[in-house]
Amino acid sequence: MKAKEYMRQVQKFDSMIANKTYDMQKLHEIEQKQRAIGNDVKDIEEMQRSLKREIAELTAKRRRIIATIEELPPIEYDFLFRMYAKGESLYTISEAYNYSYQWALSTHAKAIKKLQKRLDASVNN
């Protein structure tokens with residue numbers, strides 16, 4: 001897998017976790033209403049357990065990606081985290097570091113290249 005694609009998964013997982021959390025909240029509301037009128041909620045409870053498992057799996061995948069970039073030098077880790085986990089732009093990151101946009105492009109390229117080497121090495125081992 002290419003490093004950029006690998007990193008883009010963080011935002012995808014964040015969205016999926018948020019959506020499933022929303023679904024959990026809605027199911028909880030339905031469960032409460034059904035309990036109040038005395039209806040069986042076993043199916044709802046099973047859906048909630050399933051969603052909890054899915055959220056836990058997505059959270060674990062997200063953590064693995066973050067753990068991988070934590071192995072990079074601090075500036076490159078922070079750069080990739082800010083860009084892919086926080087969704088900050090190259091321009092915003094360059095301003096935060098008080099460097100040029102060109103610096104941001106270069107730092108991003110270096111960080112992605114190092115990450116790609118780590119990903120390739122983990123596939124080959």
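What covers the buried residues of α5? In this predicted model, the cover includes α1 (3–36), α2, α3 and α4 (90–97). The buried residues of α5 themselves are A104, T107, H108, A111, I112, L115, Q116 and L119. Helix α5 has 24 residues, and the distance from its first C-alpha to its last is 35 Å, close to the 34 Å expected at 1.5 Å a residue. As for confidence, the protein has a mean pLDDT of 95, with 99% of its residues at 70 or more. Among the elements, α5 has the lowest mean pLDDT, 94, while α2 has the highest, 97.

One residue of α5 makes a handy starting point for a closer look. H108 is found in this helix, which runs over residues 101–124. H108 counts as buried because its relative accessibility is 9%, under the 20% cut-off. Leaving aside neighbours within four places in sequence, H108 is in contact with K4, F79, L80, M83, Y84 and L90.

Next comes the packing of the helices. Two packed helices are described by the angle between their axes and the distance between those axes. For α3 and α5, the angle is about 100° and the axes lie 9 Å apart. An angle from 65 to 115 degrees counts as roughly perpendicular, so α3 is roughly perpendicular to α5. On the α3 side, the contact is made by I75, E76, F79, L80, M83 and Y84. On the α5 side, the residues are W103, A104, T107, H108, K110, A111, I112, K114 and L115. By class, this contact of α3 with α5 has 10 nonpolar, 2 polar and 3 charged residues.

Helix α3 (residues 74–85) also packs with helix α2 (residues 42–70), here at an angle of about 150°, with the axes 9 Å apart. An angle over 145 degrees counts as roughly antiparallel, and α2 is therefore roughly antiparallel to α3. In this contact, R62, I66, I69 and E70 of α2 meet Y77, L80, F81 and A85 of α3. The residues of the contact of α2 with α3 divide into 6 nonpolar, no polar and 2 charged.

I66, one of the α2 residues in that contact, is worth a second look. With a relative accessibility of 9%, I66 counts as buried. Not counting residues up to four places away in sequence, I66 touches V10, Y77, F81 and A85. V10 and I66 are 56 residues apart along the chain, yet 8.3 Å separates their C-alpha atoms.

V10 leads on to α1, where it is one of the buried residues. The others in α1 are A3, Y6, M7, F13, I17, K20, M24, L27 and E31. Their cover includes α2, α3 and α5. The 34 residues of α1 should span 50 Å at 1.5 Å a residue, and the end C-alpha atoms are indeed 50 Å apart.

Two residues outside the helices complete the picture. G38, which follows α1, has a positive phi near 85°. Most residues other than glycine have a negative phi, and most peptide bonds are trans. N98 has a positive phi, near 65°, although it is a residue other than glycine. Is N98, in the loop between α4 and α5, buried or exposed? N98 is exposed, because its relative accessible area is 70%, over the 50% cut-off.

Terms used. Residues numbered from 1 in each chain as written. Predicted model: local features only at pLDDT ≥ 70, side-chain atom pairs only at ≥ 80, totals over all residues. Heavy atoms only, no water. Axes fitted to C-alpha atoms, helices over the stretch in contact; angles between N-to-C directions. Helix = DSSP H or I, 4+ residues; strand = E, 2+ residues; numbered from the N terminus. Parallel < 35°, antiparallel > 145°, perpendicular 65-115°, else oblique. Contact = heavy atoms within 4.5 Å. Nonpolar A, V, L, I, M, F, W, Y, C, P; charged D, E, K, R; others polar. Buried < 20%, exposed > 50% of the residue type's maximum accessible area, 1.4 Å probe, protein only. Expected span 1.5 Å × (residues − 1). pLDDT = per-residue confidence, 0-100.
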